[in-house]
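Thanks for coming. Please have a look at the sequence and the structure on the screen, and then I will go through a few places in it.

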Amino acid sequence: MSHLQLALLGIGAVVILAVLAYNKWVERKAAKATRAAFGEGDEDALLRPTSPREEPVLRAEPVLEGDLTPMPQAPRAEEMAFDDETELIVSLSFDHPMAGEQLASAASGLHLIGSKPVLVCATNAQTNRLEVPRAGEIFSGLHCGVLLANRQGPLNAVEFSEFVGAVQRIANVLDVEVDVPDMTEALAHAKRVDERCAGVDAQIGVNITSNGGAWTGTQIAQAAVEAGFAQRADGRFAYYRRNGAELFTLQAIDAQGKPVAIGANAESVSSGVLTFILDVPRAPEVEKPFSTMINIARALAARLGGSVVDDNRRPVTDAALANIETQLKPMYARIRDAGFDPGSPRALLLFNQG
């Protein structure tokens, strides 16, 4: 081996030793930095005392003690639903879930556009259910639906613009994007829904006329309550089944043929006429609303000293009542064929005065 080769081997050995020493120095320096940042790492962190005066904190596995009866579950939020056949629905999607209180605040006040009710729901980020946004929950999307038609007519251009503007303001508050629906298509859909409703809309009325003088509001209200009616905010009395279904209403008529409020403080009804109205699409057929209305009308007429008559003030005969009962069955069938189950939530919304 030449002197040159020996010299090269010596230089190589020195380089290797230098590298090893440097690596060792780096390792010790890193370890020292780690101890300075986290403390001495020789003990199990779960056994390390929190202070010199405290006993070590021991890790304990969870155990069940005492009463093992499951805790009662908190009541679930009511699940909501949209009807894309009868509602114009606009959805706002989020990049990340948002708190329910934030959504409720942004959408507060959006309940009615013109004569059309608006439903606002959100998709629960955990259950994926549609719910009214509320505090304590997080949601992955917000949805707004406006009714396309009711007895005030189809959704019009002004109502459409107001609805879209309201939804856009919510989107601006939440800093999210929203896809605005096409107005021409939406209004055409609303017109079709309105035409379907108009083709099957029907109301049946029967009257009670006084055989003496006019009745006072107190007399009418007392007799109506005794017959099973409940008074509504508009002054009419409604007859309900125990399941909450409204079968028909009762209202007083003044001398000009206009409805007047009935109440304990109301003045006498000068015309001495009460009118029962069966709103066919809003009354479930299974409850036999027409025959029930006639029975209640006869009982109330006897109670108040009146007679059951038609709109021409002629006495209602059994033959006329039987004829109406016969016509009701195909009438209900046409309503169902149009896609509206009488008395259903859909029918109650669509066949509403607004």
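Before the first number, one term: a residue counts as buried when its relative accessible area is under 20%, as exposed when that area is over 50%, and as partly exposed in between. By that rule, 36% of the 354 residues in the chain are buried. I should say now that this is a predicted model.

The overall inventory is short. The chain has 8 helices and 14 strands. Among its contacts with a separation of 6 or more, 69% are between residues 24 or more positions apart.

Let me start with the helices. How do the axes of α2 and α3 cross, and how close do they come? Helix α2 covers residues 100-107, and its axis comes within 9 Å of that of α3, at an angle of roughly 140°. That angle makes α2 oblique to α3. The crossing is right-handed. On the α2 side the residues that meet α3 are Q102, L103, A106 and A107, and on the α3 side they are I170, V173 and L174. Sorted by type, the residues of this contact are 6 nonpolar, 1 polar and no charged.

Helix α3 has another crossing, with α4. Here α3 is residues 157-174 and α4 is residues 183-198, with axes that come within 10 Å and cross at roughly 125°. So α3 is oblique to α4 as well. The handedness of this crossing is right-handed. A157, F160 and S161 of α3 make the contact with M183, A186 and L187 of α4. These residues divide into 5 nonpolar, 1 polar and no charged.

Between those helices there is a residue to point out. D175 sits in the loop between α3 and α4. Its phi is near 60°, which is a positive value in a residue other than glycine. Is D175 buried or exposed? D175 counts as exposed, because its relative accessibility is 70%.

R313 is a further case of positive phi. The value is about 65°, and R313 is not a glycine. R313 belongs to the loop between β14, residues 306-309, and α7, residues 318-337. With a relative accessible area of 43%, R313 is partly exposed.

R313 leads us to T209, which is in strand β8, residues 203-210. T209 is buried, at a relative accessible area of 15%. What does T209 touch, leaving out residues up to four places away in sequence? The list is W215, G272, V273, G306, S307, V309 and R313. Now compare sequence with space: T209 and V308 are 99 residues apart along the sequence, and their C-alpha atoms are 6.7 Å apart.

One of the residues that T209 touches is G272. G272 lies in the loop between β12, residues 259-260, and β13, residues 273-279. This glycine counts as buried, at 4% relative accessibility. Apart from neighbours within four places in sequence, G272 contacts I208, T209, S210, A214 and W215. G272 and G306 are 34 residues apart along the chain, with 8.9 Å between their C-alpha atoms.

Next is another threonine, T249, in strand β11, which runs over residues 246-253. T249 is buried, with a relative accessible area of 5%. Again leaving aside neighbours within four places in sequence, T249 is in contact with F229, R232, R236, F237, A238, T275, F276 and I277.

Last, the cysteines. How many disulfides does the structure hold? The number is 0. Why does C121 not form one with its closest cysteine, C144? A disulfide needs two cysteine sulfur atoms within 2.5 Å. The sulfur of C121 is 8.9 Å from the sulfur of C144, so the pair is too far apart for a bond. Looked at from the other side, C121 is also the closest cysteine to C144 by sulfur, and the distance is again too far. C121 is buried, at 0% relative accessibility. C144 is buried too, with a relative accessible area of 0%.

To go back over the main places: α3 crosses α4 at roughly 125°, and α2 crosses α3 at roughly 140°. T209 in β8 touches G272 and R313, among others. And the structure holds 0 disulfides. That is the end of my part.

Conventions:
Residues numbered from 1 in each chain as written. Predicted model: local features only at pLDDT ≥ 70, side-chain atom pairs only at ≥ 80, totals over all residues. Heavy atoms only, no water. Buried < 20%, exposed > 50% of the residue type's maximum accessible area, 1.4 Å probe, protein only. Axes fitted to C-alpha atoms, helices over the stretch in contact; angles between N-to-C directions. Helix = DSSP H or I, 4+ residues; strand = E, 2+ residues; numbered from the N terminus. Parallel < 35°, antiparallel > 145°, perpendicular 65-115°, else oblique. Left-handed = near helix turned anticlockwise from the far one by under 90°. Contact = heavy atoms within 4.5 Å. Nonpolar A, V, L, I, M, F, W, Y, C, P; charged D, E, K, R; others polar.
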